[in-house]
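The following paragraphs lead the reader through one structure, step by step. The sequence and the model are shown here for reference.

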Amino acid sequence: QVQLVESGGGLVQTGGSLRLSCAASGRSFRINAMGWYRQAPGKQRELVASLPSGGGTNYADSVKGRFTISGDNAKNTVYLQMHSLKPEDTAVYYCNLKILFGGALPIYNYWGQGTQVTVSS
């Protein structure tokens, strides 16, 4: 089993910055891909940013140029640096890790507990 612990959410004014972290712990696992999702009240969960297994980064159009995803494989941690925050960024943010055990398939999908980000106008 793997445990994910998120941190870094909070209340910030429009134009402010926050950095989210998601650290994974457990035994004999390897992270295949990383991502951040968010869910606003009354809306579906949406992809914000990802680091796919093939390399590169993907961002939702709404956050391009403002958010940066990064990963530290040595620490089994994924980060989301958010700048120029807007009220429409208000949501619960969830990290998502796709994990292999013992380097073998299948790939398992793990979610963080969620952290609230609130941007005041």
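In this predicted model, the side chains of R38 and Y93 are joined by a polar contact of 2.9 Å. R38 belongs to strand β4, and a polar contact of 2.7 Å also joins its side chain to that of E46. Is R38 buried or exposed? With a relative accessibility of 6%, R38 counts as buried, because the limit for that class is under 20% relative accessible area. When residues up to four places away in sequence are left aside, R38 touches a number of others, including Q44, R45, V48, S62, V63 and F67. E88, D89, A91 and V92 are also among the residues that R38 touches, as are E46 and Y93, the two partners in polar contacts.

One of these neighbours, D89, leads on to the charged pairs of the model. Over the whole structure, a search finds four salt bridges. In one of them D89 is paired with R38, and the closest N and O atoms lie 3.0 Å apart. This pair links distant parts of the chain: R38 is in strand β4, which covers residues 29-39, whereas D89 is in the loop between β8 (77-82) and β9 (91-101), and 51 residues separate the two. Both partners, D89 and R38, are buried.

D89 takes part in a further salt bridge, with R66, where the closest N and O atoms are 2.8 Å apart. Here too the pair links distant parts of the chain, since R66 sits in the loop between β6 (58-59) and β7, while D89 sits in the loop between β8 and β9, 23 residues apart. R66 has a relative accessible area of 10% and is therefore buried. For D89 the relative accessible area is 1%, so this residue is buried as well. Through salt bridges that share partners, R38, E46, R66 and D89 are joined into one network.

Another salt bridge brings together the side chains of D61 and K64, with a distance of 3.1 Å from N to O. What is the accessibility of D61? Its relative accessibility is 64%, so D61 counts as exposed, the limit for that class being over 50%.

A covalent link comes next. The structure has one disulfide. It joins C22 to C95, with a distance of 2.0 Å from S to S. The link of C22 and C95 is right-handed, with 50° about the S-S bond. Because C22 lies in strand β3 and C95 in strand β9, the disulfide ties together parts that are 73 residues apart in sequence. C22 counts as buried, at 0% relative accessibility, and C95 is buried with a relative accessible area of 0%.

Strand β3, which holds C22, also leads to the sheet. Four strands form an open sheet in the order β1-β3-β8-β7, and their pairing is antiparallel. Which strands lie at the edges of this sheet? The edge strands are β1 (2-7) and β7 (67-72), each of which pairs on one side only. On average, neighbouring strands of the sheet are turned by 15° against each other, with direction ignored. Within this arrangement, β1 and β3 (residues 18-26) pair in the antiparallel sense over six bridges. V5 has A23 of β3 as its bridge partner.

Conventions
Residues are numbered from 1 along each chain as its sequence is written. This is a predicted model: local features need pLDDT of at least 70, side-chain atom pairs count only at pLDDT 80 or more; totals for chains, interfaces and linings use all residues. Side-chain values use heavy atoms; hydrogens and water are left out. Two strands pair if DSSP finds at least two bridges between them. Axes are lines fitted to C-alpha atoms, for helices over the stretch in contact, and angles run from 0 to 180 degrees between N-to-C directions. Buried means under 20% relative accessible area, exposed over 50%, partly exposed in between (1.4 Å probe, protein chains only). A polar contact is a pair of N or O atoms within 3.5 Å; within protein, one must be able to donate a hydrogen and the other to accept it, and residues adjacent in sequence count only if both atoms are side-chain atoms. Contact means heavy atoms within 4.5 Å. A disulfide is a pair of cysteine sulfur atoms within 2.5 Å.
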